[in-house]
Amino acid sequence: MAAEFDLIRKYFTQSAPQGMLGVGDDCALFPVPAGQTCAVSTDLLVEGRHFFPDVDPVLLGHKALAVNLSDLAAMGAEPLACVLGLSLPAVDAVWLDGFSRGFLALAREYGCPLVGGDTTRGPQVCISVTVFGAVPAAQALRRDAGRPGDDIWVSGTLGGADIALQLLQGKLPGEAWRLPGLRGALECPAPQLALGRRLRGIAHAAIDISDGLLQDLGHILAASACAARLDVRALPAHPGLAGMDEDILLDALLGGGDVYQLCFTAAPQQREQVAQAAAAAGVAVSRIGVLEAGPAGLLLDNQGAPLHVRRAGFDHFEGQS
Ligand SMILES: Nc1ncnc2c1ncn2[C@@H]1O[C@H](COP(=O)(O)OP(=O)(O)O)[C@@H](O)[C@H]1O
Ligand SMILES: Cc1ncc(C[n+]2csc(CCOP(=O)(O)OP(=O)(O)O)c2C)c(N)n1
Ligand SMILES: [Mg+2]
């Protein structure tokens, strides 16, 4: 058998759940629950750009799927299945064993079976994951559903992944001792699927934070044609950031990426329901501001003055257009 198919069989072939056709045919087949709509999202991870070449492959496998499941969470969708595109410079059995274990363990945990993909040879490791989910169309948490007067919420904590990344890049040398406590936030994010699912019918707009809070909240503001007033003192900092320089901390909270928590809006009358949804999902939520009728995208501080933003958030093509 060709080495390519050997690799697929050995690391990525699992028996498909009842009613599905998985790895091994021209297409995978799976049903979408009656009355629901298919939610689809894809994200690409490129060596050197999204992850360091020497990252633990188990964690990389986990993160490659987690960042995609995070998009389903942000839509209020439940996972149905996923496909994996993989470009590799060579067959590295140890790497493949770790990567596939990390990926498939998370797939199992969230009921998102790997049903297909594509494997090629290429100059660097490149991972493309597509997830398929299900959500009742009318309950999907769309970016354009925010309304003036809504509270703005964020789940979990902010800034940990960004400071971990800066430390791994050799920045902030005096803070290197913090890395062991922060690394998990960067390398092993947990998709907030339980929260997203429970926010159906409660939240209006939602987004997952990949590029940074302000940039991602900005997508809600643009799509919902709203301004926002933020209370920066209410931003939930990762506990591993306690006592850090205030400016570095604030920049990480507002502009740091790789967060994979949900930012969402909901009417103030829903505060109790939001709290109950978060408690049931086992994640903390913080109320960090309000949507206002005003120029789309305008960000104000809690005094109503334009928010001073030093870091714009992650941009793959910064300075190129
Ligand atoms: N090459 C592309 N072709 C078509 N649509 C794209 C492409 N790249 C991104 N998009 C779409 O643009 C929107 C914004 O993408 P992105 O910022 O990557 O979203 P997310 O942060 O949720 O992954 C999404 O709707 C995505 O599907
Ligand atoms: C080696 C390395 N360099 C930089 C980063 C930081 N980083 C890379 S991509 C990214 C943003 C999220 O990735 P993107 O492809 O924009 O995801 P999407 O918004 O499409 O979900 C961040 C913060 C990282 N995680 N690892
Ligand atoms: Mg994307």
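**Exercise 1.** Determine how many bridges join strand β2 to β4, and in which direction the two strands run.

*Solution.* In this predicted model, strand β2 (residues 78-88) is joined to β4 by nine bridges, and the two run antiparallel; strands here are DSSP runs of E with at least two residues, numbered from the N terminus, and two of them pair if DSSP finds at least two bridges between them. Within this pairing, C82 has V131 of β4 as its bridge partner. Strand β1 (residues 37-46) is also antiparallel to β4, with ten bridges between them, and here V40 stands opposite F132. Finally, eight of the ten residues of β4 (residues 126-135) are buried, that is, under 20% relative accessible area with a 1.4 Å probe and protein chains only.

**Exercise 2.** Identify which residues lie around ligand 1 and describe the polar contacts of their side chains.

*Solution.* The residues with a heavy atom within 4 Å are D43, D71, R143 and S210. By class, this shell has three charged residues (Asp, Glu, Lys and Arg count as such), one polar and no nonpolar. Taking a polar contact as a pair of N or O atoms within 3.5 Å, a polar side-chain atom of D43 lies 3.3 Å from an oxygen atom of ligand 1, while side-chain N or O atoms of D71 and of R143 each lie 3.0 Å from an oxygen atom of the ligand. The protein covers 28% of the 560 Å² of accessible area that ligand 1 has on its own, by the Shrake-Rupley method with a 1.4 Å probe.

**Conventions.** Residues are numbered from 1 along each chain as its sequence is written, chains are lettered from A and ligands numbered from 1 in the order in which they are written. Local features need pLDDT of at least 70 and side-chain atom pairs count only at pLDDT 80 or more, whereas totals for chains, interfaces and linings use all residues, and side-chain values use heavy atoms, with hydrogens and water left out.

How values were computed: Polar contact = N/O pair within 3.5 Å; in protein donor to acceptor, adjacent residues only side chain to side chain. Buried < 20%, exposed > 50% of the residue type's maximum accessible area, 1.4 Å probe, protein only. Helix = DSSP H or I, 4+ residues; strand = E, 2+ residues; numbered from the N terminus.
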